[in-house]
Amino acid sequence: MLRTVTATRYVTPLREGGSLPGLVEADDLGMYVLKFHGAGQGRKALVAEVVVGELARRLGFRVPELVLVEVDPEMGKAEPDEEVQDLLYRSAGRNLGLDYLPGSLGFDPLALDPGPDLAARLMWLDALTLNVDRSWRNPNLLVWHGDVWLIDHGAALYFHHSWGGGPAKAATHGYDASDHVMLPFAGEFESVDRELTALVGPDLLAEVLCLVPDEWLADEPGFATPDDVRAAYAEYFTARLAAPRPWVRALEETRAARV
Ligand SMILES: Nc1ncnc2c1ncn2[C@@H]1O[C@H](COP(=O)(O)OP(=O)(O)OP(=O)(O)O)[C@@H](O)[C@H]1O
Ligand SMILES: [Mg+2]
């Protein structure tokens, strides 16, 4: 289970984020970056944050702790910005928080060389999860105490905005890595692919999917229960990871074309 905390103070909006995430203080005295279920992409973005963030953590990446955050909209009463007020009122109840990394800086490929292994692993993860938000313009990576931390997975798994073609079809989607911030650094994908594929089994997938609260999966058109939606995500990953994996070959080709 993810921990649950209650937001006690709305500190400030993080204006660089398109979804207007906010910085909040919680009843455990922690500070969290709050992702609101009432924001543009709604609860789907929160589902993607949990699934991809917790999968990444289990594959050895550094990801800030994810917590569930109870929000009482009255918290924003003193907030002068109407846009923030509205967002808080639309987001009553359970939202997602990321542990705030104080003093972290945005990843700058000119300032820090992540090394060929981390770079290849990260590209593999993003291609697996169809995360298009890791370009050099907007890498969604933070550097904290000299390490690279992954944030902002809300746009990944985009097929869940319309399940029409089904999870197996979604698993065939191509992934364009030509803009990926890690492309200039990445080493070969063969060993990374072998190692990471072996780690993502049915148990790990079930563990990660169980962390998504039922209420973010309920009343999904075409699905009877939250567990049916979880099964569809599991089917996506299983199909995507089944050999041969054309998206891994595509990563290798994109890398080769650049070197
Ligand atoms: N855990 C964290 N610790 C410190 N700063 C963070 C953290 N999470 C996010 N931020 C800061 O807030 C900004 C916005 O967060 P994030 O990228 O998750 O939001 P978004 O609305 O999804 O953004 P985008 O504009 O990329 O869609 C980040 O670029 C980063 O500067
Ligand atoms: Mg972002």
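How far apart do the end C-alpha atoms of residues 14-234 lie, and what percentage of the span is helix and strand? We will solve this in Exercise 1, after two notes on the model.

This is a predicted model, in which local features need pLDDT of at least 70, side-chain atom pairs count only at pLDDT 80 or more, and totals for chains, interfaces and linings use all residues. Residues are numbered from 1 along each chain as its sequence is written, while chains are lettered from A and ligands numbered from 1 in the order in which they are written.

**Exercise 1. Describe the annotated span and the whole chain.**

Step 1. Start with the record: an unreviewed UniProt entry places "domain: HipA-like kinase" at residues 14-234 (positions follow the numbering used here, feature names are shortened, and annotations may be inferred rather than shown by experiment).

Step 2. The end C-alpha atoms of that span are 33 Å apart, and the span is 32% helix and 15% strand. Helices (H or I, at least four residues) and strands (E, at least two) are DSSP runs, numbered from the N terminus.

Step 3. Now widen the view: the protein chain has 8 helices and 8 strands, and its C-alpha trace spans about 55 × 50 × 25 Å along the principal axes.

Step 4. Of its 259 residues, 39% count as buried (20 or more other C-beta atoms within 10 Å of a residue's own; exposed means 12 or fewer, partly exposed in between; C-beta atoms are placed from the backbone).

**Exercise 2. Work out where ligand 1 sits.**

Step 1. Split the protein chain into domain 1 (4-99) and domain 2 (105-258); these bounds come from an automatic or database domain assignment.

Step 2. Both domains give residues to the shell around ligand 1, so the ligand lies between them.

Step 3. Of the 21 residues around ligand 1, the nearest are Gly17, Gly18, Ser19, Leu101 and Asp152 (near means a C-beta atom, placed from the backbone, within 6 Å).

Step 4. Sort the shell by class: 9 nonpolar, 8 polar and 4 charged residues. Here Ala, Val, Leu, Ile, Met, Phe, Trp, Tyr, Cys and Pro count as nonpolar, Asp, Glu, Lys and Arg as charged, and the others, Gly among them, as polar.

**Exercise 3. Characterise the contact between the domains.**

Step 1. The centres of domain 1 and domain 2, taken over C-alpha atoms, are separated by 22 Å.

Step 2. Domain 1 brings 26 residues to the contact and domain 2 brings 27 residues (contact means C-beta atoms, placed from the backbone, within 7 Å).

Step 3. On the side of domain 1 that touches domain 2, α1 (42-58) and β5 (93-99) each supply at least two residues. The largest share, 15 residues, comes from α1.

Step 4. That side of domain 1 divides into 15 nonpolar, 3 polar and 8 charged residues.

**Exercise 4. Find the backbone oddities in the loops.**

Step 1. Leucine 20, in the loop between β1 (4-13) and β2 (22-26), has a positive phi of about 55 degrees although it is not a glycine. Leucine 20 is buried, with 20 other C-beta atoms within 10 Å.

Step 2. Leucine 130, in the loop between α3 (116-128) and β7 (141-144), also has a positive phi of about 55 degrees without being a glycine. Leucine 130 is buried, with 22 other C-beta atoms within 10 Å. Leaving aside neighbours within four places in sequence, its contacts are Ala156, Leu157, Tyr158, His173 and Tyr175.

Step 3. Finish with proline 244, in the loop between α7 (226-241) and α8 (246-258): the peptide bond from alanine 243 to proline 244 is cis, with omega near 0 degrees.

Conventions
Two residues are in contact if their C-beta atoms, placed from the backbone, lie within 7 Å.
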